[in-house]
Amino acid sequence: PAPAPGPAQAQPIRSLPAPCGMVPHTTVRQIVPDAKQSKSANSTLTTCTYTAPGREARWLRVEAHLHLQMGATDPVKNAQDYYNAQWTQARAPQLERTITLEPQPDMGDQAYRWFKVDKGQPTVVGVVTARIRNVVVTVSYSEQAVGKGEQEEREGACMAKVMRTAREVLRSLH
């Protein structure tokens, strides 16, 4: 039998799952109880945001960008370029204060994790951006953190939630 295709030989992803179909309901209930969801989608971009009623600082957002073959363009190369632009933008934030920003080696073809504080807001945000072949996924989770000390203490719990969700989203793309 022929060997299984390696990452470089894997076929590009042809379509995205439904915008709110990438995260299991049990995960959403644990991370954002009683969440209201809003979604939008077209053939190359899906977004789903889950918001906790009455606690606007607590939300989970999943965004997936599909890069398709267009003429001679390489969809995987286009996704790499988009991912690299996101990484560059994260390294020079305008509206956030970065606490941690680092590559995440065990997730997809490329990934990074970012823990930040929204300037002027009492919120912390955990973000994972990952590329798998020709799709770039960004999962963001926000919660309230009142004091500066509390902001940094929230990193472990916040990042655990966003990492778990990002892994589930990437599994939904296979």
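This report describes strands, a helix, a disulfide, nonpolar cores and selected buried residues in a predicted model.

**Strands S4, S5 and S6**

Strand S5 spans residues 110–118 and is mostly covered, with eight of its nine residues buried. On one side, S5 is joined to strand S4 (residues 96–103) by seven bridges, and the two strands run antiparallel. Within this pairing, Thr100 stands opposite Phe115 of S5. The hairpin of S4 and S5 has six residues between the strands, and Gly108 there takes a positive phi near 65°.

S5 also pairs with strand S6 (residues 123–132), again in the antiparallel sense, over eight bridges. Here Gln110 stands opposite Arg131 in S6. Four residues lie between the strands of the S5 and S6 hairpin, where Gly120 has a positive phi near 80°.

**Three buried polar side chains**

Thr123, Thr138 and Tyr83 are taken up next. The table gives the side-chain polar contact of each.

| Residue | Partner | Distance |
|---|---|---|
| Thr123 | side chain of Asp118 | 3.1 Å |
| Thr138 | side chain of Thr129 | 3.2 Å |
| Tyr83 | backbone oxygen of Ala111 | 3.2 Å |

Thr123 lies in strand S6. Its relative accessible area is 6%, so Thr123 is buried. Beyond residues up to four places away in sequence, Thr123 touches Ala57, Lys116, Val117, Asp118, Ser142, Glu143, Gln144 and Ala145. Asp118 thus appears in this list of contacts and is also the polar partner of the Thr123 side chain.

Thr138 belongs to strand S7, which covers residues 135–144. With a relative accessible area of 14%, Thr138 counts as buried because the cut-off is under 20%. Leaving aside neighbours within four places in sequence, the contacts of Thr138 are Arg61, Val62, Glu63, Val127, Val128 and Thr129. Thr129 is the residue whose side chain makes the polar contact with that of Thr138.

Tyr83 is placed in helix H2 (residues 75–90). Its relative accessible area is 6%, and Tyr83 is therefore buried. Not counting residues up to four places away in sequence, Tyr83 touches Gln110, Ala111, Tyr112, Thr129, Ala130, Arg131 and Val136. Among these are Gln110 and Arg131, the residues that stand opposite each other in S5 and S6.

**Helix H4 and the nonpolar cores**

Helix H4 (residues 155–172) has 18 residues. From its first C-alpha to its last it reaches 26 Å, close to the 26 Å expected at 1.5 Å a residue. The buried residues of H4 are Glu155, Cys158, Met159, Val162, Met163, Thr165, Ala166, Glu168, Val169 and Leu170.

In soluble globular proteins, nonpolar side chains tend to be buried together. In this model the largest nonpolar core holds 36 residues, of which Val135, Val137, Val139 and Leu173 touch the most other members. The elements giving two or more residues to this core are H1, S2, strand S3 (55–66), S5, S6, S7 and H4. H4 gives the most, with seven residues. Leu173 is in contact with Ile13, Leu16, Pro17, Ile132, Arg133, Val135 and Val137, leaving aside its neighbours within four places in sequence.

Another core, of nine residues, lies apart from the largest one and includes Ala79, Tyr83, Val125 and Val136. Within this core, Tyr83 and Val125 are 42 residues apart in sequence and 19 Å apart in space, C-alpha to C-alpha. Val136, also in this core, is among the contacts of Tyr83.

**Cysteines**

The model contains one disulfide. It joins Cys20 to Cys48, with an S to S distance of 1.9 Å. The link is right-handed, with 95° about the S-S bond. Cys20 lies in the segment before helix H1 (25–31) and Cys48 in strand S2 (residues 45–52), so the pair ties together parts that are 28 residues apart in sequence. Both Cys20 and Cys48 are buried.

Why does Cys158 form no bond with Cys48? The sulfur of Cys158 is 18 Å from that of Cys48, its closest cysteine sulfur, which is too far because a disulfide requires sulfur atoms within 2.5 Å. Cys158 has 0% relative accessibility and so counts as buried.

Conventions. Residues are numbered from 1 along each chain as its sequence is written. This is a predicted model: local features need pLDDT of at least 70, side-chain atom pairs count only at pLDDT 80 or more; totals for chains, interfaces and linings use all residues. Side-chain values use heavy atoms; hydrogens and water are left out. Buried means under 20% relative accessible area, exposed over 50%, partly exposed in between (1.4 Å probe, protein chains only). A polar contact is a pair of N or O atoms within 3.5 Å; within protein, one must be able to donate a hydrogen and the other to accept it, and residues adjacent in sequence count only if both atoms are side-chain atoms. Contact means heavy atoms within 4.5 Å. Two strands pair if DSSP finds at least two bridges between them. The expected span of a helix is 1.5 Å times one less than its number of residues. A nonpolar core is a set of buried Ala, Val, Leu, Ile, Met, Phe, Trp, Tyr and Cys residues joined through side-chain atoms within 4.5 Å.
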